[in-house]
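Hi there,

Here is the structure I promised to pass on to you. Please have a look at it first, and then read my notes below.

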Amino acid sequence: MRPARTAGGRAAGTAPVPRGGGAPSARGRVGTPLHPGAWWLWALALGTAATRTTNPLLLALLIAVSAYVVVSRRPHAPWSRSYGAFVKLALAVLVIRLLFTTVLGSPIPGTHTLLTLPEVPLPDWAQGIRLGGRVTAEGLAFALYDAMKLATLLICVGAANALANPSRLLKSLPGALYETGVAVVVALTFAPNLIADVQRLRAARRLRGRPDRGVRGLLQVGLPVLEGALERSVALAAAMDARGYGRTAQVPAPVRRTTAALTLGGLLGVCAGTYGLLTAAGGTYGIPVLLAGVAAALAGLWLGGRRTVRTRYRPDRWDARAWLVTASGATVAALLFLAAARDPAALHPGVVPLVAPSLPLWPAAAVLVGLLPAFITPAPETTTVQTFVKEPS
């Protein structure tokens, strides 16, 4: 028996659906997503700031800032779950570095001996290397500070992977970098897709009551993961060929040579300028060479884009929020560069003699500027399910 319907055409006993398709979409509530390039620039700026200090308190603050932004603004997508894997990789870097320092020793002299391992005698040609011996607190502290710098950089890269949509990032690249960008995006999405496959297969094995941990579980999960990776690569190759990957327009030879010269010269200028900024002797020529290299590289990319026949569907706009997010990361990096030049002892605490590191106030306040994206960017989209509510009789 068919249910009675009201004059409006709905079934009796159900709540009316608002005109316009029900509940407002998540995109309408949260706004336009941020440009993915802004997330990468923000994360790389935080990673650059991490390279200017070995203070464990500042490095921990940088990790906390990136983690807070990731937790509050990470979208609900499979590729956004890779942040935890990068955190585990950073922890592995710390453990391996401390283990190497314990076994192979440290060049840092110390007086606080924690333990003494049996030392293995080595031949004369292995001078400078030792196995075992004294393990000092100064050597472990130096290894911990140095490893935390690399761990923070890895976590910042993981934040970019968790926040930026790789497909939208590829769509935003200039035409001259399209082929290279495809390869880079495929490489960047390898880790998130691999992690998603491992999580899916482990969940399936748990539902079937089979072990998913240990050597046996790893071996039985590894083969399906490899098979899925091969299937994705074949499907990707077919899709790229169907979309005309690698096809270029006819461009005169002088334009091609000019493009190659500008791009190559610009990249060399960027490398030389960056090296000049990182060294004490290159402070005078670093910025001019870097700016000239960036200008030449941009000109080469603009000319190279003319030989790539390609259109964009609904390109992402670089709006004011993207500028603010990028500026927040650049501000953190610039202020830590300034702090490292003015007060290097605060950003690089000594270990001989062994003292507890202190938290410098204004560099710590500069790091907190990196929290700005958590307040000005749109919230992640949520999936809503439309349901009918039974009216009380």
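Below is what I found, topic by topic. One thing to keep in mind is that this is a predicted model.

**The core**

The largest nonpolar core counts 43 residues, and the members that touch the most others are Trp39, Trp42, Leu62, Val69, Leu347 and Val367. At least two core residues come from each of α2 (36-50), α3, α4, α5 (137-163), α12 (320-342), α13 and α14. As background, nonpolar side chains in soluble globular proteins tend to be buried together. If you want one residue to start from, try Val367: leaving out residues up to four places away in sequence, Val367 touches Leu58, Leu61, Leu62, Val65, Val332 and Leu336. Leu62 is also among the core members with the most contacts to other members.

**A nonpolar patch on the surface**

There is also nonpolar material on the outside. Ile96, Leu99, Phe100, Val103, Leu104, Val120, Leu122, Ile129 and Leu131 make up a surface patch, and together they have about 750 Å² of accessible area. Which helix gives the most to this patch? That is α4 (residues 83-104), with 5 residues. Val103 sits in helix α4. With a relative accessible area of 35%, Val103 is partly exposed, because that value falls between the 20% and 50% limits.

**Salt bridges**

I found 2 salt bridges in the structure. In one of them Asp146 pairs with Arg97, and the closest N and O atoms are 2.9 Å apart. This pair links distant parts of the chain, as Asp146 belongs to helix α5 and Arg97 to helix α4, with their positions 49 residues apart. Both ends are partly exposed: Asp146 has a relative accessible area of 31%, and Arg97 comes to 28%. The other bridge joins the side chains of Arg321 and Asp319, at 3.1 Å from N to O. Asp319 counts as partly exposed too, at 24% relative accessibility.

**Aromatic pairs**

The structure holds 3 aromatic pairs, and I looked at two of them. Tyr68 and Phe375 form a tilted pair, 6.4 Å from centre to centre and with 35° between the planes. The two residues are 307 apart along the chain, with Tyr68 in helix α3 (residues 56-73) and Phe375 in helix α15 (residues 373-376), so the pair links distant parts of the chain. Tyr68 is partly exposed at 42% relative accessible area, whereas Phe375 counts as exposed at 59%. Trp318 and Trp323 have ring centres 5.7 Å apart, and this pair is edge-to-face because the planes lie at 80°. Trp318 is partly exposed, with a relative accessible area of 31%, while Trp323 is exposed at 56%.

**A loop residue to look at**

Finally, where does Ser358 lie? Ser358 is in the loop between α13 (344-347) and α14 (361-368). This serine is exposed, with a relative accessible area of 51%. Ser358 touches Asn55 and Leu57, again leaving out residues up to four places away in sequence. Leu57 is 301 residues away from Ser358 along the chain, yet their C-alpha atoms are separated by 7.4 Å.

Happy to talk any of this through whenever it suits you.

Best wishes

Note on methods. Residues are numbered from 1 along each chain as its sequence is written. This is a predicted model: local features need pLDDT of at least 70, side-chain atom pairs count only at pLDDT 80 or more; totals for chains, interfaces and linings use all residues. Side-chain values use heavy atoms; hydrogens and water are left out. Helices (H or I, at least four residues) and strands (E, at least two) are DSSP runs, numbered from the N terminus. Buried means under 20% relative accessible area, exposed over 50%, partly exposed in between (1.4 Å probe, protein chains only). Contact means heavy atoms within 4.5 Å. Rings of Phe, Tyr and Trp (its six-membered ring) pair if their centres lie within 6.5 Å; planes under 30 degrees apart count as stacked, over 60 as edge-to-face and the rest as tilted. Patches are made of residues with over 30% relative accessible area and no salt bridge: like charges are joined within 9 Å, nonpolar side chains (Val, Leu, Ile, Met, Phe, Trp, Tyr) within 5 Å. Accessible areas come from the Shrake-Rupley method with a 1.4 Å probe; for residues, only the protein chains shown count as cover. A salt bridge is a side-chain nitrogen of Lys or Arg within 4 Å of a carboxyl oxygen of Asp or Glu. A nonpolar core is a set of buried Ala, Val, Leu, Ile, Met, Phe, Trp, Tyr and Cys residues joined through side-chain atoms within 4.5 Å.
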